[in-house]
Amino acid sequence: MPTTEEQEKKEQFVVEPSREAKEVYLRWIDYLDQTFTKHKKPALRAEMVRDNLHQLLLGAPHGGKLNFTLTSELPFNVLQLSLDPANVTLEAEYDENLDREKFAEIKPLIWFWRLFDQSPVARNLWLAFRFRAMLGKHIFKSIGKNVHIFYGVEFSYGYNVTIEDDVTILKHAVLVDGNELTLKKGETVAEYARVGGEEKQGGENKAGG
């Protein structure tokens with residue numbers, strides 16, 4: 001048991017946002033968690049992700065018809081279309097051995113993870129740790145408790161990854177997950193580290209034009 005002095009010292013170093021911000025952050029994460037638990041269909045998940053990314057990255061709700069006639073607006077059209085997971089392709093999709101049924105269900109969430117990390121709120125560690133842990137429940141094979149994943153962590157397949165309790169993955173680490181990958185309890189993955197075994201044999205990725 002910690003002494004009273006140790007407990008007081010620990011409490012002094014608790015870092016968290018204001019009560020109001022904390023409530024908003026947790027409400028958003030809980031809403032996303034419930035929605036992704038309820039809706040497994042790729043199309044519904046893609047719409048949910050698109051709508052949230054519009055607000056996170058563009059500061060406005062999704063809606064309205066795009067104007068494809070003006071060449072001056074084409075770059076903005078490209079940006080808006082690319083916020084929808086249905087309009088993008090990811091590395092794993094070029095693998096002939098991909099489990100396409102499994103991947104289709106989690107692809108929108110992988111895109112959400114990647115573009116969330118491009119947003120300003122990704123540097124808000126208190127929120128971002130909880131956001132990634134929530135998404136990890138729906139992407140990975142399994143994820144334990146007290147997992148901290150920093151921004152810029154890359155993986156391709158998602159469904160092969162098992163993360164046990166108390167794991168920390170520091171920024172810009174790469175999880176090579178073409179085969180089963182398990183991060184053991186209490187493990188820390190260093191910044192820019194590359195962890196995992198060899199990629200699938202016979203599943204050469206060929207990105208077509």
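Select Ile169 and display its surroundings: leaving aside residues up to four places away in sequence, Ile169 touches His148, Ile149, Phe150, Val153, Ile163, Leu175, Leu183 and Val189. The model on screen is a predicted one, which is worth keeping in mind at each stop. Ile169 belongs to strand β4, which covers residues 168-169, and because its relative accessibility is 0%, under the 20% limit, Ile169 counts as buried. Now add Tyr192 to the selection and take the C-alpha to C-alpha distance, which is 9.7 Å for two residues that are 23 residues apart in sequence.

Move next to Ser156, which is found in the loop between β2 (148-149) and β3 (161-163). Is Ser156 buried or exposed? With a relative accessible area of 12%, Ser156 is buried. If you show side chains here, you will find a polar contact of 3.2 Å between those of Ser156 and Glu91. The contacts of Ser156, again without residues up to four places away in sequence, are Glu91, Ala92, Phe103, Ile110, Arg114, Leu175 and Asp177.

For the next stops, display the aromatic side chains, among which the structure holds ten aromatic pairs. Begin with Trp28 and Phe131, whose ring centres are 5.4 Å apart and whose planes meet at 5°, so this pair is stacked. Trp28 sits in helix α2 (residues 19-38) and Phe131 in helix α6 (residues 125-139), and the pair thus links distant parts of the chain, 103 residues apart. Both Trp28 and Phe131 are buried.

Then select Trp113 and Phe140, an aromatic pair with an edge-to-face arrangement, in which the centres are 5.7 Å apart and the angle between the planes is 65°. Because Trp113 lies in helix α5 (residues 100-116) and Phe140 in the loop between α6 and β1 (142-143), this pair ties together parts that are 27 residues apart in sequence. Trp113 and Phe140 are each buried.

Which residues do ring pairs link into a cluster? Select Trp28, Phe36, Phe112, Phe116 and Phe131 together, and you have the cluster that these ring pairs form.

Finish with two arginines. Centre the view on Tyr151 and add Arg123, whose charged end sits over the ring of Tyr151 at 3.6 Å from the ring centre. Then turn to Trp126 and add Arg130, whose charged end sits over the ring of Trp126, 3.7 Å from its centre.

Note on methods:
Residues are numbered from 1 along each chain as its sequence is written. This is a predicted model: local features need pLDDT of at least 70, side-chain atom pairs count only at pLDDT 80 or more; totals for chains, interfaces and linings use all residues. Side-chain values use heavy atoms; hydrogens and water are left out. Helices (H or I, at least four residues) and strands (E, at least two) are DSSP runs, numbered from the N terminus. Buried means under 20% relative accessible area, exposed over 50%, partly exposed in between (1.4 Å probe, protein chains only). A polar contact is a pair of N or O atoms within 3.5 Å; within protein, one must be able to donate a hydrogen and the other to accept it, and residues adjacent in sequence count only if both atoms are side-chain atoms. Contact means heavy atoms within 4.5 Å. Rings of Phe, Tyr and Trp (its six-membered ring) pair if their centres lie within 6.5 Å; planes under 30 degrees apart count as stacked, over 60 as edge-to-face and the rest as tilted. A charge sits over a ring if NZ of Lys or CZ of Arg is within 6 Å of the ring centre and within 35 degrees of the ring normal.
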